[in-house]
Amino acid sequence: MSFDGAADTVVVPTQAGAAKSPVDWDRAPKPRQRGAAATLWRRRLWSLPAVAALAAAGGIAYHPVFGLSAIVPTVAVSAIVPVLVAALWNAAGRPANRPRPLLGSLVLTLAAWVVAVSASTYRSRAYAHMLPTPGLLRRMSADLLDAPRGVLTTVLPAPDHPELLVLVSATVWMAAFAGAETALRSGSTALPALPGVLMLAVPVALSTDAPGHGVTAAAAAIGAAGLLLVCRAPGRRSPWRTLLVGVPWVALLAVAAGFAAPHAPGVGTPPDLRDNVAAPPPVRLSGVNPLDRISAWLLTPDQPLFTVSGPADPDRYWRLTVLDRYDGTTWYPVGGLRPTGGRVPDDGQSPVTKRTKQRVTLDQLDGVWLPAADRPASVTAQGLALAVDPTSGAVATGSGLHPGLTYQVESQVPTFDPDRLQYLATASDPAYAQLPDLDPASEPIPMVEEFRKIAEKATQGSQFPYQQALKLADWLRANNRYDITAVPGHSYRNLRFFLESSKEGTSEQFASAFAVLGRSLGLPTRVVVGFSRGTQLPDGSWRVDSGNVVAWPEVEFEQVGWVPFYPTPGEAGRSGSPKNDQSTVVPPTAAPPSAPPPPSRSDKDRDIAQEQRPEGVVSPIADAPEDGSTPLWWWAAPIAALAALAVSHVGVAAAAPGTLRRRRRRGAPGARVFGAWRQIGDRLGDLGMPHAEARTVREVADFGAERLPAELAERVFGLSTLVNEASYADRDVTGKEADDAWRICTDVEHAVRRADGREKRRTRLVRALSPRTVVATLRRR
C-alpha cells in the first residue's frame, strides 16, 4: 500500500508477484464518500456567519475610539463582504472537490476592499474628485499606515475622518477574510476563530485613554467565538440541532464573560501606548495673540463678537484661551494641543459641582480659539477640525472662525472652598513658577530682582500661598488705575513702566503683572483671556461685544488645580457686572494661632524649554520631538504580526494530525479500514520506514513485523490481508472489523511512542513543525 499527499492508492502483488494497477480511492469516491464531503462542506458554510459575527464584534470594540454610530456602517460592510467573497470563490471550485487557489481569493478580496472603502469611507466631497484614481489608492495606503499613530495622538473619541476609519475597515476586513478562508479550507474546530480573536488586540490597545470600556464588545466576541466552535464541533448531528443545543450555552458564556471581564486582573490598568508614540508633525494655527488684542478691542467696544444661548453665571467669564509660557516679552498661548473629536479630558483636579450647556453663534470673532463657559468638557461643531490642550482645556480649530459658525459646548463649572484653600500649598510645577532671568548674553536681568522685591513688599505678612495671591491682587487694585487708553504691552519693560511710572493699564497689564510678580515669589501662575457675560437680549441669550474682553491670572494649588484671581480694579464693558474690587474666592478669616502647616510639595520637576516665536503668532500645537527615536508602534506592529503568524502555524501543526486522524475514522466500514491502514503506515514511517509511498501492503506489514512486538505484528499482518481482500476481492467489511482495525492502529501508535527515544522525539517535533509537513498532513486523507 502506498501513501502520497494527494491521493492514497492500494497496491497488492498477484500470485505471480506482479503488481496490479493501483486503485485511487480519493479520485474515484464512492457515493457515500461524496455525501460525506458534501456534508462537511455544508458544515463549513454554516460556520461562516459566526466568523462574520466574530469579526463584527472585534470591530464594535472600536466604539470607545470613534463612537458607535461612526463605526457601525464600516464594521457591517467589512465583516460581511469578505466572507461572501471567500464563500463564492471557494464554492466555484466544488465540482473538482478541491479548494481553489488562495492567491486568487486574496486578489479578489483586495479589489473588493478597495471598492467598498472608496464607496463608503471615502465617499465625502473632499475625496470625490479622486475617485477612482491611483491617487486615492496612494492616499488610502498612506492613511492606513498613519492611522494608528493618528489615533494614539488624538483625544478620544476620535473624529470619524476617513483617514482614521480606514484602520477599522482594514482590520475587520482582514479578520473576516482570514477567518472565512480558514473555515472553508481547514477542518479544525477552533482555528477559524484565531484571526478575530487576535484582531481584538488592536482596538483594545488604541482605546486605553478613551471614555467608557469595551466589556460589551469583549463579551460579544466571546459569544461569537463560542458560536463558531459550536458550528464546527465534530459530530453527525445536523447544523440545526447543533445550534439548538449549543446557542444557549454560548449565550450563558457571553453573559458570564460580560460580568467577569471588569474584575479580571489588569483590566483597569492596561498599558498605554500614547506615551511611546511620537507626536505628529505640528499643524500651524496662526493668528494674533488674544492678549495683544485687548487694547484694540477696548478702543472699539461695540463690535459684536458672538452670542451665547443658555445659562450664564454672573460670577463667571467666558474663557477664550490660556497663556502659560512667558519669555520676558510675550505671554504665549498653550502649545500642547492635540486633535480631538470634541471631547475635552478632565484635568482630575478642579472640584466640579455642575455642568452647563450653551450654544454659541459667532459674529465678528476671528482667530482660532473657541470661547466657552470656564473649562469645556465637550464641544460639538460640525465641519470643524478641533484641537484641545488637555492641561488647560483650551479648544482651537484649524479651519479658522467665521461669522455664522455655531457650535454647542458643555462646560465644567468649578467652585472653591476658601477654608480648604487658605492652608494649601501650590502645585509643584516649576514650568509655571519660573521667570527667564538671563538675557541673550547670559547676563542676569535686573528687572527680575526688582519684581521680586515689589512682590515681597506687596505680600508682606502673608504666611501661605493663598494669602500671598490675595494680598498681591489687593495691592495691584489699590496702587494702580484702570485706563483703556494706557500703553499696551506686557514685556518686562512694559510691566516695570506700569508698576513704577504710569500705574495705569488695562486688564492686560494687571493680569500680566500679577502672573509675573507671582512667579517671582515661586507661585505657579498663568494668564487667561476671555469675556464678561455681555448684554442680555430679549430672547434670553447673551451678546458679547469687543468691549467685554478681560484678562485675569490663575494660580495652581495642590489637590485643587487652577484658581482665578481678579486684580483689575474694574473692567470696561456693556454687562454692568464687572468684578470690581473682589476676588472670585472670598478671603478667609484670620488663621488661628495653631494653623496646620501647608502640605509638602512633591519633588516632581518638569523642564520645559522656552519657545522663541515672533510676537503675535499663535502656534498652539506642539512640535513633534526631534530626538530621532522610533515610536514603539513601529516595532510593535511587525512583531505582533510575526507572533500571530508563529502562533497560528504552531496551532495548525498541533491540530493537523488530530484532524487527519478524525477524518480517517469517519465514513463507511471499508473507508475506516483504509483510514486505519494509512494511519499505521504514517506511524511506521516515524520508525524509519523509507519510501512508504512506494511500498505495497505486504511490505508495510513486513516492516512492522521487524519493529513491532510479535503479537502486535501478527495483528498488523492480519489487517493487511483484510485491506487487500477489501480492495481487490470486493469483500464487504463489517463495522466490527473496522473497529478492530482502529484498535490495532491505536496499539501501533502506542508502540511507536514507546519506541521513540528522546532524540527521535525531538526530530519528530522539528519535522512536525515544518511547513511542508503541515501542508502534506492537511492534504492527506
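A residue counts as partly exposed when its relative accessible area lies between the buried class, under 20%, and the exposed class, over 50%. In this predicted model, Arg496 has a relative accessible area of 26% and is therefore partly exposed. Glu450, at 25% relative accessibility, likewise counts as partly exposed. Arg496 and Glu450 form a salt bridge, in which the closest N and O atoms are 3.7 Å apart. Because Arg496 lies in helix α16 and Glu450 in helix α14, this pair ties together parts that are 46 residues apart in sequence.

Helices α14 and α16 are also linked by an aromatic pair, with Phe451 in α14 (residues 446-458) and Tyr492 in α16 (residues 492-502), 41 residues apart. The ring centres of Phe451 and Tyr492 are 5.7 Å apart and their planes stand at 55 degrees, so the pair is classed as tilted. Both Phe451 and Tyr492 are buried, and ring pairs join these two residues with Tyr326 and Trp331 into a cluster.

The structure holds 15 aromatic pairs, and another of them is formed by Tyr466 and Phe565, whose ring centres are 6.1 Å apart and whose planes are at 50 degrees, so that this pair, too, is tilted. Tyr466 belongs to helix α15 (residues 465-479), whereas Phe565 sits in the loop between β19 (561-564) and α18 (632-665), so the contact ties together parts that are 99 residues apart in sequence. Tyr466 and Phe565 are both buried.

Turning to charged side chains, which can pair when opposite charges come close, the structure holds 23 salt bridges. One of these joins Asp366 and Arg293, with the closest N and O atoms 2.6 Å apart. Asp366 is in the loop between β7 (352-362) and β8 (372-373), while Arg293 is in the loop between α11 (239-260) and α12 (294-299), so the bridge ties together parts that are 73 residues apart in sequence. Asp366 is partly exposed, with a relative accessible area of 38%, and Arg293 falls into the partly exposed class at 24%.

The salt bridge between Asp143 and Arg139, at 3.1 Å from N to O, is placed within a single helix, α6 (residues 134-152), where the two residues are four positions apart, about one turn of the helix. Asp143 is buried, since its relative accessible area of 8% is under the 20% cut-off, whereas Arg139 is partly exposed at 31%.

Key
Residues numbered from 1 in each chain as written. Predicted model: local features only at pLDDT ≥ 70, side-chain atom pairs only at ≥ 80, totals over all residues. Heavy atoms only, no water. Phe/Tyr/Trp six-rings, centres within 6.5 Å; stacked < 30°, edge-to-face > 60°. Buried < 20%, exposed > 50% of the residue type's maximum accessible area, 1.4 Å probe, protein only. Salt bridge = Lys/Arg side-chain N within 4 Å of Asp/Glu carboxyl O.
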